[in-house]
Every structure is written in C-alpha cells, then in structure tokens.
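Welcome! Please have a look at the model below, turn it around a little, and then try the exercises at your own pace.

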Amino acid sequence: MTDDVLDIPFADAFSFDPSPTWARLREEAPAVRVRTLAGARVWLVTRYDDVKLVLADPRFSRAAVVEEGAPRVGVSRPLAGTLPTTDPPEHTRLRGLVSGAFAHRRVEGAREWVRELCEGLADDLAAAPADGVDLRRVFALPLPIQVICTLLGVPYDDRERFREWVELSYSMEMSERGRVEEAMAGLLEYMGALVAAKRAEERAGERSADLLDELCATSLTHDELVAFALNLLVAGHETSANQITGFVATLLRDRRHWERLVAEPDLVPRAVEELMRFTRLSEVGQLRVALEDVEVAGVVVRAGEGVMASIGSANRDPRAFDAPDELDLARTPNPHLALGAGPHFCLGAQLARIELQEALGVLLRRFPGLRAARPVEELAWRRVLVSGLAELPVAPG
C-alpha cells in the first residue's frame, strides 16, 4: 500500500480463506480507491447491494473497458466485440445469437451425457495410486474441457495445444506479460484457423451439430466469430475446473460437510449454490467504466472512472446473508452473485450448474471415503484472474 491507495490483489491474497481486508472494507470503506496490477487507479466496491448495482446498472459499461486508455485489471486486455465486452443493444444482439444453444431445456438434455463423462473420469481417479492423486489434473480439469470442446466443436485432441494458452491468458504476474501476449496470439491464430475451416465446410454443404457450426450460419463476421468462440472456450472450462477443485477442497477441509452430502445426496443442488457463494473465484473483481457521474456507497464515481465490483466480497456480506462466513449446505434462499447479475448474468449458468452437480454427485457416490492427502490450507493457489488451487492431492479412500 502506497500513497493511501490499496494495491489489489492484496498482499495476503491467494490463500484458502479470504483476506481480512475484505471484511474491513465492507464495514469501514465500502467504496475505496485501489491500484490494479496494471497500474490503473479504480474504485473498489465490496458490499452486496453496491456490487449488484455496478453489475446491473446501464450507467456502468463493459464496452468502455476495451477502449484505448481504459483502466486494466491485469496483464491481458479483454477482447473487444465479445459478450463480456459489449453493452446493450450490441450485447443483446450477440447474446440472442447463442441463447438458444444455452437454453435451460436444451442444456438439461446434456445432463446424462455429462454424468457419463464424470463416471469415466471417476474410473481414472479410482485407478490412481492409493497414496494420492491430483483431483484437479485427473478429474476437475478434463471434465469441463471435454464438455466445452464437444459443445463448441473444438477437437478435444487439441487440448494440450490450447490449455497452457488459456491458463496464461488469465495470469496476474506482470513478469509474464510477454508470455501472455504470445498465448493470446496463439489462441487467436488457433481459433481463427478453426473458424475458417468450419466456414469452408459450411460453404461445401458439410455441417455438424456443434455450436461453432450454428454460429457460422449467423451474421457474425470472421473476427467477431473468432472472439466469440475464444471467449466461450476460455470461460467454458477454466471457471468450472477451479470450482470443482475448490468445492471438493472446501468439503474435505471439514469432512463433516462431505459426510453429510454422502448421507443426503438430494442436498447436492442446494449445496452447489452455497459452494458457489462460499468459494471465491477471484482476488479482484469485475471491472466496469462509469458512463456518467454516479453515486455509489457514498462516493461519486465520475464519468470515465473504473469501478471494480467484488463478487467474492458481496457473497460474504452480512447485510445479505446470515452467518456469511459459515458454510450452510442447506442455505435457502441463496441470492449469491457468483454467476453475475444484470445483462451479463452468466450465459452458461445452467450448463455450469449441471457440470458442478453431476461432478459432485458422482464423486460423493463413488468415493464416500475421499480425503485430502495434505491439509488444504497448505496448498498453493494459482495467481490468475479466475483463481483456484493449483492442485488438490486426494486419496480415494
């Protein structure tokens, strides 16, 4: 901390429990200036109502985040023209092009297939050495990669080509800036070639049933389609992999939670919602730019200033949740913001819920004696925008 401005991520970030700074800010300074890794000074809001306002109010823009000179959170610059970086009405148009593919009924039809994938990965986990295996590597990461590759039409055999690129694109290490830029270039080149091949197949009358083929038939330009597909590929597996890993670690930290779900499997859907609230995914927040002067949490955010909305902090706000620092697997109602709010509410929310519910359900049934091979508090966290444990060594039991 210098010049009375907090540096974010905080010095004690990337550990199992949230930094005490979040609770202090919620109580003492719910809107405060912070300095991002990229050197930008932005406002940080931490209370539930203020975070929800910034996420949903049209006076706060996502499109402005990619404009020249806009504040940046981390190393990489968000891609323009994608769902996360457009405002209505452009955002509404883009979302409408793919909303059918992520409609509740259509996605729900994939539940049995997702469960079968989970069962196959559980077989790999069961065949692992008795003294321990990394659940993230064997189970949590392969599942969402297989799901999004199949839905999008990206060859699963190419996963090793783009996995490192995807992970680097989220980096919060400024020393890796050169590697991050190379990774983004590699991702764009890979997806550009895949989109070109898909469009060539479409012109030749050869079409499959995947989402990329559907998008190729829309009015999206080549660059828009590449950015769109890349955004779905990155968001479609990194977040879910971190959530599965974090959920299991949280439950195993106090095995009474794991044992309760083993005994009460019907509780899994509610438990997933609570784990989404409780297990944070970011040490920063979602960035918006004010389009006009707006009062938030007692301060005036001027037009053109950046505002970072901390979903993780909002989900621990005692104004919105009773005993917010306690894990209540039966919590209801549970109006958490883990999936966002407003126009940018997660497009793949139902798909994410299915992946998380089926992954947890299969693990609980197949491995009721699962235990952490090391204390989870000692495990390293990845220093990335969508953060999570770097590994989770477990013994199947």
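Below are four exercises, each with a worked solution.

This is a predicted model, in which local features need pLDDT of at least 70, side-chain atom pairs count only at pLDDT 80 or more, and totals for chains, interfaces and linings use all residues. Residues are numbered from 1 along each chain as its sequence is written, and side-chain values use heavy atoms, with hydrogens and water left out.

**Exercise 1. Work out the order of the strands in the open sheet, and find the helix that packs on it.**

Step 1: Strands (E, at least two residues) and helices (H or I, at least four) are DSSP runs, numbered from the N terminus. Two strands pair if DSSP finds at least two bridges between them.

Step 2: Follow the order S1-S2-S3-S9-S6-S4, which gives an open sheet of six strands with mixed pairing. At the edges sit strand S1 (6–7) and S4, each pairing on one side only.

Step 3: Look at individual pairs. S1 and S2 run in the parallel sense over two bridges, and Asp7 has Arg35 in S2 as its bridge partner. Strand S3 (residues 41–45) is also parallel to strand S9 (residues 306–309), over three bridges, with Trp43 opposite Val307 in S9.

Step 4: Add helix H2 (residues 48–56), which packs on the sheet and touches S3, S4, strand S6 (286–290) and S9. Its direction makes about 125° with that of S9; contact means heavy atoms within 4.5 Å, and the angle, from 0 to 180 degrees, is taken between N-to-C directions of lines fitted to C-alpha atoms, for helices over the stretch in contact.

**Exercise 2. Find which residues touch the most other members of the largest nonpolar core.**

Step 1: A nonpolar core is a set of buried Ala, Val, Leu, Ile, Met, Phe, Trp, Tyr and Cys residues joined through side-chain atoms within 4.5 Å. Buried means under 20% relative accessible area, exposed over 50%, and partly exposed in between (1.4 Å probe, protein chains only).

Step 2: The largest core has 108 residues, and Leu135 and Leu360 touch the most other members. Helix H11 (residues 222–253) gives this core its largest share, 15 residues.

Step 3: Beyond its neighbours within four places in sequence, Leu135 has contacts that include Leu125, Ile244, Val248 and Leu392.

Step 4: There is also a second, separate core of 20 residues, with Val299, Val307, Ala314 and Phe321 among them.

**Exercise 3. Describe two of the aromatic pairs.**

Step 1: Rings of Phe, Tyr and Trp (its six-membered ring) pair if their centres lie within 6.5 Å; planes under 30 degrees apart count as stacked, over 60 as edge-to-face and the rest as tilted. The whole structure holds three such pairs.

Step 2: Phe10 and Trp22 make a tilted pair, 4.8 Å centre to centre with 55° between the planes. Phe10 is buried at 6% relative accessible area, and Trp22 is buried at 5%.

Step 3: Phe16 and Trp381 make an edge-to-face pair, 6.1 Å centre to centre with 85° between the planes. Phe16 is in the loop between S1 and H1 and Trp381 in strand S11 (residues 381–382), so the pair ties together parts 365 residues apart in sequence.

**Exercise 4. Decide whether Thr86 is buried or exposed.**

Step 1: Locate Thr86 in the loop between strand S4 (60–61) and helix H3 (90–98).

Step 2: Thr86 counts as buried because its relative accessibility is 6%.

Step 3: Leaving out residues up to four places away in sequence, Thr86 touches residues including Arg62, His91 and His344.
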